[in-house]
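Here is a short briefing on one protein model. Look over the sequence and the structure first, then read the points below.

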Amino acid sequence: MREREVGHEEFLAPGRGPSRARVVHEALRQLSDGVGGPVLKEMACEVLSGRIGLKDAMRMRAYADELGERVETAFAEWERIPASERERQVAQARRFLDTDDGRRTR
């Protein structure tokens with residue numbers, strides 16, 4: 001059983017509407033399940049529980065360093081994907097982020 005968890009509304013910010021807030025929330029939930037390793041699991045659990053804010057977590061060196069390493073690895077994997085597949089994935093992501101419950105957010 002999960003402990004109390006903040007909702008996606010916690011991640012609304014200027015320039016980050018409900019769709020993007022839900023993406024952040026879901027990414028943190030996946031990290032809290034351990035998919036990013038123990039350091040990012042700890043960070044995600046702290047943020048989702050409300051004990052620490054996302055901005056504050058990103059300022060903590062251990063979390064920022066681990067996340068930076070994961071981003072570098074993901075970018076290298078992204079670069080290995082054929083350009084046509086990257087374009088398809090980017091278009092799909094844009095469609096998802098540009099809609100919010102069927103409404104345009106821009």
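Of the 106 residues of the protein chain, what percentage count as buried? The figure is 22%. Keep in mind that this is a predicted model. The points below start with the whole chain, then move to the core, the pocket and four single residues.

**The chain as a whole**

- The protein chain has 5 helices and 2 strands.
- Along the sequence, these elements follow the pattern α-α-α-α-α-β-β.
- Measure out a box along the principal axes, and the C-alpha atoms fill roughly 40 × 35 × 25 Å.
- About 7,600 Å² of the protein chain is exposed. Carbon and sulfur atoms supply 53% of that area.
- Take the contacts between residues at least 6 apart in sequence: 40% of them join residues at least 24 apart.

**The largest nonpolar core**

- This core has 13 residues. Those that touch the most other members are F11, L28, L31, M43, V47 and A57.
- Two helices, α1 (18-32) and α2 (38-49), each supply at least two residues of the core.
- Which helix gives the most to this core? It is α2, with 5 residues.
- Look at M43 for its contacts beyond four places in sequence. M43 touches L28, L31, A57, M58 and Y63.

**The largest pocket**

- The space in the largest pocket comes to about 250 Å³.
- The pocket is lined by 14 residues. Closest to its centre are E10, F11, G53, L54 and K55.
- F11 therefore deserves a second look on screen, as the core list names it too.
- Helix α3 (residues 54-59) gives the most to the lining, with 4 residues.
- Sorted by class, the lining has 8 nonpolar, 2 polar and 4 charged residues.

**S49, in helix α2**

- Find S49 in helix α2.
- Is S49 buried or exposed? S49 is buried, because its relative accessible area is 8% and the cut-off for buried is under 20%.
- Leave out residues up to four places away in sequence, and S49 touches E3, R4 and V6.

**H25, in helix α1**

- H25 sits in helix α1.
- With a relative accessible area of 12%, H25 is also under the 20% cut-off, so H25 counts as buried.
- Which residues does H25 contact beyond four places in sequence? They are E5, V6, G7, H8, F11 and L48.
- H25 and V47 are 22 residues apart in sequence. In space, their C-alpha atoms are 9.6 Å apart.

**I52, in a loop**

- I52 lies in the loop between α2 and α3.
- Why does I52 count as buried? Its relative accessibility is 19%, and buried means under 20%, so I52 falls within that class.
- Setting aside residues up to four places away in sequence, I52 touches E46, V47, A57 and M60.
- I52 and S19 are 33 residues apart along the chain. Their C-alpha atoms are separated by 22 Å.

**R16, before the first helix in the numbering**

- R16 is in the segment before α1.
- R16 counts as partly exposed, because its relative accessibility of 28% lies between the 20% and 50% cut-offs.
- Which residues does R16 touch, not counting those up to four places away in sequence? The contacts are F11, A21 and V24.
- R16 and E66 are 50 residues apart in sequence. From C-alpha to C-alpha, R16 and E66 are 24 Å apart in space.

Technical notes: Residues numbered from 1 in each chain as written. Predicted model: local features only at pLDDT ≥ 70, side-chain atom pairs only at ≥ 80, totals over all residues. Heavy atoms only, no water. Core = buried A, V, L, I, M, F, W, Y, C linked by side-chain atoms within 4.5 Å. Buried < 20%, exposed > 50% of the residue type's maximum accessible area, 1.4 Å probe, protein only. Contact = heavy atoms within 4.5 Å. 1 Å grid on protein atoms, 1.4 Å probe; cavity = no way out; pocket = protein on both sides within 12 Å on 5 of 7 lines; lining within 4 Å. Points joined across faces, edges and corners; volume = space filled by probe spheres on them. Nonpolar A, V, L, I, M, F, W, Y, C, P; charged D, E, K, R; others polar. Areas by Shrake-Rupley, 256 points an atom, 1.4 Å probe, with all protein chains shown as cover.
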